[in-house]
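Hi,

Here is the structure I promised to pass on. Have a look at it first, and then read my notes on how the chains sit together.

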There are 2 protein chains.
Amino acid sequence: LRRGQALRIILPFYGGMKASVWKVSVKRHVIGLDLGGTNIVGAVVDDEGQVVAEHRTPTQAESGAEAVLARLIETGRALLSSPVEPKPCAVGVGSPGGIDAETGRVVFPALNIPGWEDMPLAARLSAALELPAFADNDVNVTALGEAWFGAGSRYRDMVCITIGTGIGGGVVIDRRVHHGANHFAGEIGHTSIDLNGRRCVCGSQGCVETYAAAPAIAESGRRLWESGIPTRLREMVSAADEVTAADVAEAAASGDAPCRRIIESAARCLGAALANVVNILNPECIVIGGGVAQAGEALFGPLREEVRLRGLNVATENLAIVPAALGERAGVGGAAALALQRVRGCGTK
Amino acid sequence: LRRGQALRIILPFYGGMKASVWKVSVKRHVIGLDLGGTNIVGAVVDDEGQVVAEHRTPTQAESGAEAVLARLIETGRALLSSPVEPKPCAVGVGSPGGIDAETGRVVFPALNIPGWEDMPLAARLSAALELPAFADNDVNVTALGEAWFGAGSRYRDMVCITIGTGIGGGVVIDRRVHHGANHFAGEIGHTSIDLNGRRCVCGSQGCVETYAAAPAIAESGRRLWESGIPTRLREMVSAADEVTAADVAEAAASGDAPCRRIIESAARCLGAALANVVNILNPECIVIGGGVAQAGEALFGPLREEVRLRGLNVATENLAIVPAALGERAGVGGAAALALQRVRGCGTK
């Protein structure tokens, strides 16, 4: 007898208690696992995205595929023993690289874990934890988390980008991640804004991440530090080569004019790329996360303006462009959303 | 008793006749209507995309919304009286401009029909023809037709573009058109390949249709004609200002070197835009229609090369870039696909 069936049986007899029975009965817990290069973070998450238990352990990527998998399983077991009711009914895991979200198998390993390629990640977790398990790429999982529990939760169609070393993206259509034919949809960082522009590591030219990701912003910050132009960066770090994109974002957020200009320039480039995304997909919402988003209005102001200037009016009129809301919970929250979305048999949402 | 129910009842008794009973019973006919600026073309189409009856009448847009609607209804009635079995069970209509595909209402009229805005196109057709009716934008309908019956029929996720006065696009995900928040998804012609490039009527800069649509190609053809460089264009038309994009495409297809260079230049620009589409959506197939596609390999050769150069390897490796297959049937075939996809109650596919 499954929970859903029990519910349908109980309800007619407890008419007066319906509300509370319903609330208790449909509440689900799942386990979200975030496999990163440094740490494995796991959490028990409820169906409203609240973290009710957490567990973390070092990834130790160099120890190899089986050892990393063992630590993922150990994290899952530790969380399964948390005193929560109902018990978690499914597991979701997000990890960098290409993952076939249908089968939960690693197809392009991005983490440097020996033997990780072709790992049937979801199947192995499922067998060990005796629960349904699902896996997807970390950026897709973050997008799903924002769509279900975060800044995009009011929208059916959204795009989520994360500005870091590169610019990752996840495309959410009808509250589901769009994966594409080879699990490579959402590579917005590698869309070009200038066909004759800067060379990119991917082989193309003018990819927006060569202008607007953290390395480009840090480089502009270093040049600013060296130029002698008065800037708070000189108070924040003691040498040009210590300047990070986060420093530039922080200085811009606090009103430093030269850093604001760096962020604005990145925002204009990002705006050109996002206007293309808007004209192709016409989403309701674009969510922007990653360290550079900490620049706040110094980034979002010119970004919104540029998208409105370049995107088709009808498609930009009611478009929301907002910061990510989940922050550090994005990884586990998104992995939990993946599990909640895919699992059958422990209630419905 | 519906057809599907009858089938389930009949089958156990006619085991030996199963194949033929099945074939006759699931065959559906629908009406596809293509409302264009000049003509209304209608057809009875079967569930394999075959046109079994056709009817056409002038649009006479200037006569106003009610008169145009009356001619659409008249076309539908003429087709309903065709001697086909089973009788058509639904109606689909495609038309330029913005159409809310869920409600079938005109939201941004592109045809110059007085009073056309806000026309509840699907509802009025449905009431008059006493059949379920569905409406969508003509480019989306063309994409759906290619996805169901044409060059994209082997694929679940595809993008279909039509090169004409502009470059229209339709995004098909999981064999359904992706419409976006404001029915404006797929405006690939207005994606920019150069953020500081040519000014576009839409207000943006560097939109690919300013480089690769028919007017840009015709303009290059006219300059070529005037330049005195030997070209077949001089045999085809007697004055520079008579050169059309179709002439340039035809000359390129027949091997004229200067015209091949014009088409190649357009193909390179289009390739840059489509590489962006590929990196965002990772489709299985891109279908290209419209007059310029008649240039054949003069267009498709450099286009495929450019998309492979610029798109991410994994996403371009197995990507098919193919010419549209439906040709003149695209409008009615796509409208029929829309009806077949949306209708309930006359068999399933």
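Salt bridges between chain B and chain A come to zero. Polar contacts are another matter: 22 residue pairs, both residues at pLDDT 80 or more, make one across the two chains. Bear in mind that this is a predicted model.

Which parts of chain B do the touching? β9 (167-173), α10 (257-281), α11 (297-310) and α12 (313-316) each bring at least two residues to the side facing chain A. With six residues, α10(B) gives the most to that side. By type, the residues there split into 19 nonpolar, 16 polar and five charged.

Now the extent of it. In total, 40 residues of chain B are in contact with 40 residues of chain A. About 3,500 Å² is buried between the two chains, and carbon and sulfur atoms give 58% of that. On the chain B side, B:Leu195, B:Ile280 and B:Arg310 lose the most area to chain A, together 21% of what that side buries.

Last, the symmetry. A turn of 180° with a shift of 0.0 Å along the axis lays chain B on chain A, with an RMSD of 0.0 Å. The two copies are therefore related as by a two-fold rotation axis. Both copies use the same surface, too: 100% of the contact residues of chain B recur in chain A. If you want to find the axis on screen, look for B:Asp194, whose C-alpha, at 2.0 Å, comes closest to it of the residues of chain B.

Cheers

Methods
Residues are numbered from 1 along each chain as its sequence is written. Chains are lettered from A and ligands numbered from 1 in the order in which they are written. This is a predicted model: local features need pLDDT of at least 70, side-chain atom pairs count only at pLDDT 80 or more; totals for chains, interfaces and linings use all residues. Side-chain values use heavy atoms; hydrogens and water are left out. Copies are superposed by least squares on the C-alpha atoms of residues with pLDDT of at least 70 in both. Contact means heavy atoms within 4.5 Å. Buried area is the accessible area (1.4 Å probe) that two parts lose on being put together, summed over both. A salt bridge is a side-chain nitrogen of Lys or Arg within 4 Å of a carboxyl oxygen of Asp or Glu. A polar contact is a pair of N or O atoms within 3.5 Å; within protein, one must be able to donate a hydrogen and the other to accept it, and residues adjacent in sequence count only if both atoms are side-chain atoms. Helices (H or I, at least four residues) and strands (E, at least two) are DSSP runs, numbered from the N terminus. Ala, Val, Leu, Ile, Met, Phe, Trp, Tyr, Cys and Pro count as nonpolar, Asp, Glu, Lys and Arg as charged, and the others, Gly among them, as polar.
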